[in-house]
Amino acid sequence: MNIPSGRARYRPVIAALAAAVLAGAGAVAVGKAPALAAETTLRAAAAKAGLFFGVAASPGRLSSIVSQEFGQLTPENDMKPDTIATSSGGLRNTGNADTLVNYAQTNNMLVRGHTLVWHSQAGQLQGASQATLNTFIGNALTRWGSRIAYWDVVNEALDDNNNGRRRTQWPHSLSRDANGDGDYFDAGDTDVIRDSFRRAKEVVRQNNLNTKLCINDYDVEGLTVSGGARNNKAQALYDIVRAYTQGTERLIDCVGFQAHFNDNPNSVITADLQANIQRFADLGVEVHITELDIDDDLSNNDIGQGQANNYRKVVRACLNVARCTGITVWGIADSESWRSSERGLLFTGGSGNYQKKAAYSAVLDELNQGRSGGNPSSPPVSASVSPSASSSPSTPTDPSPCSATVSLNSWSGGFVATVRVTAGSSAINGWRVTAGLPTGAAVTNHWSAERTGTSGTAQFANVGYNGRIAVGQSTEFGFQGTGAATGTTLTCTAT
């Protein structure tokens with residue numbers, strides 16, 4: 001992550017459970033959690049809820065709290081190219097990385113490899129060709145094999161300042177838009193993202209690995225940024241993931257939202273975080289919160305309940321989406337963070353002597369509520385927004401071709417709608433949903449569908465990858481709007 005102020009950035013078995021989590025899809029309905037004995041560690045509470053809760057660390061910080069509280073480990077700096085890559089794509093200095101992987105294996109923790117292709121901290125790989133990058137990708141993947149559950153194959157590919165464009169510096173200078181149509185997705189284009197994932201996928205298949213391949217970025221967490229403007233960086237990431245999961249090649253398995261939340265207008269916690277997680281999940285990928293820390297500026301320097309409430313929002317947004325399968329905090333204690341002055345983590349103290357903050361208790365509480373829990377006393381999704389969840393099934397005149405239901409996340413002045421389209425007694429090859437919107441409601445954004453109309457009556461049709469639905473099966477799309485959407489009616493037509 002590049003820091004505009006110029007500060008240098010030096011950031012520092014549950015596989016069966018994850019598979020069980022992914023057996024479900026779509027948003028998890030919010031309801032009353034069953035009365036279960038509360039777990040006393042983040043690791044145990046997360047596992048019971050069906051996800052991992054992890055931490056980034058170095059070998060010098062592997063105190064007992066790591067294996068006790070966390071079920072996943074990310075090497076903070078010890079797998080970055082500047083540490084382990086040679087100029088020819090070979091490996092060097094892997095001792096610290098080996099220590100972390102061995103520690104995780106001994107303590108039944110998942111490992112996230114971080115990272116293979118990145119414009120920053122590239123070390124001897126800086127300026128390398130795609131062929132050299134491919135060599136490095138192969139060497140790193142095969143050294144640790146399936147002991148690494150997830151690898152960040154491409155990190156921080158998109159530009160800052162919400163312009164929605166890719167970076168232009170190496171390695172993205174290797175990409176070429178051959179036909180000049182503004183994207184890198186065509187057969188004649190050269191795309192370092194696609195080519196790096198192709199190589200990684202090839203290595204995984206050739207070596208029979210279980211490792212999943214991820215793309216990771218920051219300021220992509222919400223559908224919107226501060227003030228309500230569209231998050232163009234999130235949209236650009238969505239377009240990349242859609243292109244490389246819905247076509248002939250399924251290259252990307254997982255998406256990482258870094259979640260370094262702070263008071264930059266593009267880095268705040270927005271009310272539509274859950275909706276954005278959901279739309280990526282609808283592409284069939286796992287979504288992870290990968291580098292979470294929350295600047296105390298977002299709670300007016302309150303590292304008590306103010307910061308705790310912000311952590312609740314983020315954890316609950318993940319818990320409410322079945323394919324959000326992991327949350328990782330970027331460090332243990334504030335004093336050891338790469339953003340130490342912003343006091344954004346779950347513990348104070350240091351050097352193995354840690355004290356839990358209010359944010360820790362809030363995260364533990366949310367995890368203990370589980371995916372269907374949602375503590376009724378939990379704070380709203382943002383400081384000025386009070387959400388409510390509702391579900392309103394449509395009543396199509398002929399339910400046999402398809403039906404549609406909508407779940408609303410509403411607040412004063414706006415809403416996010418998630419629509420589930422279900423095939424009836426026969427499979428369908430395409431669908432169109434007509435939404436009758438209440439007076440005053442207007443659609444401002446949508447995903448996983450083509451749209452016509454913004455108010456009164458709006459129509460949503462399938463896109464290429466989600467038109468065919470088997471008997472009794474479902475797909476989802478979503479839209480965001482202003483006004484109130486309660487009372488929206490839906491009619492589904494097979495096309």
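In this predicted model, Y244 turns out to be buried, with just 5% relative accessible area. Its ring is packed against that of F185, and the two make an edge-to-face aromatic pair, with 5.5 Å between the centres and 90° between the planes. F185 is partly exposed, at a relative accessible area of 29%. F185 comes from the loop between β4 (150–155) and α7 (192–206), while Y244 sits in the loop between α8 (232–243) and β6 (254–257), so the pair ties together parts that are 59 residues apart in sequence.

Zooming out for a moment, the protein chain carries 11 helices and 20 strands. Of its 495 residues, 57% are buried. The accessible surface adds up to about 18200 Å², and carbon and sulfur atoms account for 47% of that.

Back to the rings. There are 12 aromatic pairs in the model. Ring pairs also join F415, W431, F460, F477 and F479 into a cluster. Charged side chains get involved with rings too: the charged end of K233 sits over the ring of Y218, 3.7 Å from the ring centre, and R279 lies over the face of Y238 at 4.5 Å from the centre of that ring.

Two members of the ring cluster, F477 and F479, bring us to β19. This strand covers residues 474–482 and is mostly tucked away, with 7 of its 9 residues buried. β19 pairs with β14 through 9 bridges, and the two run antiparallel. Within that pairing, V419 has F477 as its bridge partner. β16 (residues 442–447) is also antiparallel to β19, joined to it by 5 bridges, and here H446 is partnered with F479. As a general point, strands of a sheet pair through backbone hydrogen bonds, in either a parallel or an antiparallel sense.

T418 gives a closer look at β14, which spans residues 414–423. With a relative accessibility of 15%, T418 falls under the 20% cut-off and so counts as buried. Setting aside residues up to four places away in sequence, T418 touches Q278, T405, V406, S407, E476, F477 and G478. F477 thus shows up in the contacts of T418 as well as in the ring cluster.

Another piece of the strand layout is an open sheet of 4 strands, in the order β17-β18-β15-β20 and with antiparallel pairing. β17 (450–452) and β20 (489–494) stand at the edges with a single partner strand each, so one side of each has no neighbour in the sheet. Neighbouring strands here are turned by 20° against each other on average, ignoring direction. The β17 edge is held to β18 (residues 457–461) by 3 bridges in antiparallel fashion, with E450 standing opposite A461.

On the other edge, A494 belongs to β20. A494 is partly exposed, at 33% relative accessibility. Beyond its neighbours within four places in sequence, A494 is in contact with P401, C402, I428, G430 and W431. The C-alpha atoms of A494 and G430 are 5.7 Å apart, although 64 residues separate the two in sequence. W431, another of these contacts, is a member of the aromatic cluster.

A hairpin is formed by β10 and β11, with 2 residues between the strands. β10 (residues 347–350) and β11 (residues 353–356) are antiparallel and share 4 bridges, with G350 opposite N353. In the turn, S351 has a positive phi of about 55°.

That leads to some backbone oddities. Most residues other than glycine have a negative phi, and most peptide bonds are trans. A259 has a positive phi near 65° and lies in the loop between β6 and β7 (260–261). A259 is buried, with a relative accessible area of 0%. N301 also has a positive phi, about 65°, without being a glycine. N301 is in the loop between β8 (286–294) and α10 (305–319), and is partly exposed at 47% relative accessibility.

Cis peptide bonds turn up as well. The bond from H114 to T115 is cis, with omega near 10°, and T115 lies in β3 (residues 110–118). W170 and P171 are likewise joined by a cis peptide bond, with omega about 5°. P171 is in the loop between β4 and α7, the loop that also holds F185.

Technical notes:
Residues numbered from 1 in each chain as written. Predicted model: local features only at pLDDT ≥ 70, side-chain atom pairs only at ≥ 80, totals over all residues. Heavy atoms only, no water. Buried < 20%, exposed > 50% of the residue type's maximum accessible area, 1.4 Å probe, protein only. Areas by Shrake-Rupley, 256 points an atom, 1.4 Å probe, with all protein chains shown as cover. Phe/Tyr/Trp six-rings, centres within 6.5 Å; stacked < 30°, edge-to-face > 60°. Lys NZ or Arg CZ within 6 Å of the ring centre and 35° of its normal. Contact = heavy atoms within 4.5 Å. Pairing = 2+ DSSP bridges. Axes fitted to C-alpha atoms, helices over the stretch in contact; angles between N-to-C directions.
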